[in-house]
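Subject: Structure for you to look at

Dear colleague,

I am handing over the structure that I have been working through, and I would be glad if you kept it open while you read. Below it I have set out what was found, beginning with a question about two strands.

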Amino acid sequence: MPENVEPSRDCALCPRLHDFLTLWRQREPEWFNAPVPTFLPLEGEDGVRLLIVGLAPGLRGANRTGRPFTGDYAGDLLYDTLIRFGLARGRFEARPDDSLELISTAITNAVKCVPPENKPIGVEINTCRKFLSLNLGRFRNLEAILTLGTIAHQSTVRALGGRVAEHPFSHGGRQQIGDVTVFSSYHCSRYNTNTGRLTEEMFVSVFREIAAFLDK
């Protein structure tokens with residue numbers, strides 16, 4: 001894998017995010033506190049048929065642990081659902097050294113570094129799209145992408161060379177962009193589930209469609 005597929009640990013392309021990480025390295029030196037790399041299956045890059053794209057690492061989740069969706073509620077719902085549909089195995093225990101393994105699936109974020117208040121700004125999303133594009137290019141057998149939330153969806157569409165106006169976000173959406181089928185869902189955050197915007201069944205329904213697509 002080329003070194004520049006993922007940002008360096010001290011990537012300073014986004015000054016605000018770099019400064020925020022520097023602050024948290026001082027506050028919590030035992031945390032990961034760096035750009036969070038893509039989580040790959042044991043089969044490696046060529047085994048990836050599904051890529052899941054989230055927004056950005058959570059402060060006390062992936063930013064703390066160094067693995068996407070690990071350490072906060074969003075991971076509980078995501079990984080339980082992946083296991084349910086045979087896209088992961090083992091046991092998710094919200095730490096990077098648990099027994100969880102992905103199957104034919106990789107997980108990344110549209111923005112690699114934790115943003116203040118979990119809200120990246122436009123220039124940061126645009127700057128970090130370089131790494132999303134590089135990650136898309138490394139998966140030669142990619143068939144499907146699941147985007148979690150509007151920002152992840154729009155950045156993925158742009159990284160694939162599509163126009164956002166022609167491929168709008170919608171929960172449960174399914175669109176073709178080039179050779180890849182893009183599915184979309186509301187983000188599996190605690191806020192979305194607590195407010196009822198996303199129920200477990202709504203989330204499971206999206207994965208049911210993805211599983212059927214991959215089994216075709």
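In which sense do strands β5 and β7 pair, and over how many bridges? Please bear in mind, before the answer, that this is a predicted model. Strand β5 and strand β7, the latter made of residues 180-185, pair in the parallel sense, and five bridges join them. One of the residues to look for is Thr147, whose bridge partner in β7 is Ser184. Strand β5 also pairs with strand β1 (residues 50-54), again in the parallel sense, over four bridges, and here Leu50 has Ala144 in β5 as its bridge partner.

It may help to step back to the whole chain for a moment. The protein contains seven helices and seven strands, and if you follow the sequence from its start you meet them in the order α-β-α-α-β-β-β-α-β-α-β-β-α-α. The radius of gyration is 16 Å, close to the 17 Å that the globule rule gives for 216 residues, so the protein is as compact as a globular protein of that length. Taken along the principal axes, the box that the C-alpha atoms fill is roughly 50 × 35 × 35 Å.

Of the 216 residues, 54% are buried. Among the contacts with a separation of 6 or more, 69% are between residues 24 or more positions apart in the sequence. The protein exposes about 9,900 Å², and 49% of this area is supplied by carbon and sulfur atoms. As for charge, there are 25 positive and 25 negative side chains, and the centres of these two sets lie 4 Å apart.

With that picture in mind, we can return to strand β5, which runs over residues 144-148. Five of its five residues are buried, so the strand is largely enclosed by the rest of the structure. Both of its faces are covered, since Ala144, Leu146 and Leu148 are buried on one side, while Ile145 and Thr147 are buried on the other.

Which residues of helix α5 are buried? In this helix, made of residues 150-159, they are Ala152, His153, Ser155, Thr156, Val157 and Ala159. These buried residues pack against strands β1, β5, β6 (174-177) and β7, and also against helix α4 (122-138). After α5 comes Gly161, which has a positive phi, near 85°.

Ser184, which we met as a bridge partner of Thr147, lies in strand β7 and is buried, with a relative accessible area of 0%. If we leave aside residues up to four places away in sequence, Ser184 touches Leu146, Thr147, His153, Phe169, Ser170, His171, Gly172, Gly173 and Val206.

Finally, two loop residues deserve a careful look. Asn33 is not a glycine, and yet its phi is positive, at about 45°; you will find Asn33 in the loop between α1 (15-27) and β1, where it is buried with a relative accessible area of 0%. Ala94 is not a glycine either, and its phi is positive at about 60°. Ala94 lies in the loop between β2 (88-89) and β3 (101-102), and at 26% relative accessibility it counts as partly exposed.

With best wishes

Key
Residues numbered from 1 in each chain as written. Predicted model: local features only at pLDDT ≥ 70, side-chain atom pairs only at ≥ 80, totals over all residues. Heavy atoms only, no water. Rg over C-alpha atoms; globule rule 2.2 N^0.38 Å. Buried < 20%, exposed > 50% of the residue type's maximum accessible area, 1.4 Å probe, protein only. Contact = heavy atoms within 4.5 Å. Areas by Shrake-Rupley, 256 points an atom, 1.4 Å probe, with all protein chains shown as cover. Lys, Arg positive; Asp, Glu negative; His and termini not counted. Charge placed at Lys NZ, Arg CZ, Asp CG, Glu CD. Pairing = 2+ DSSP bridges.
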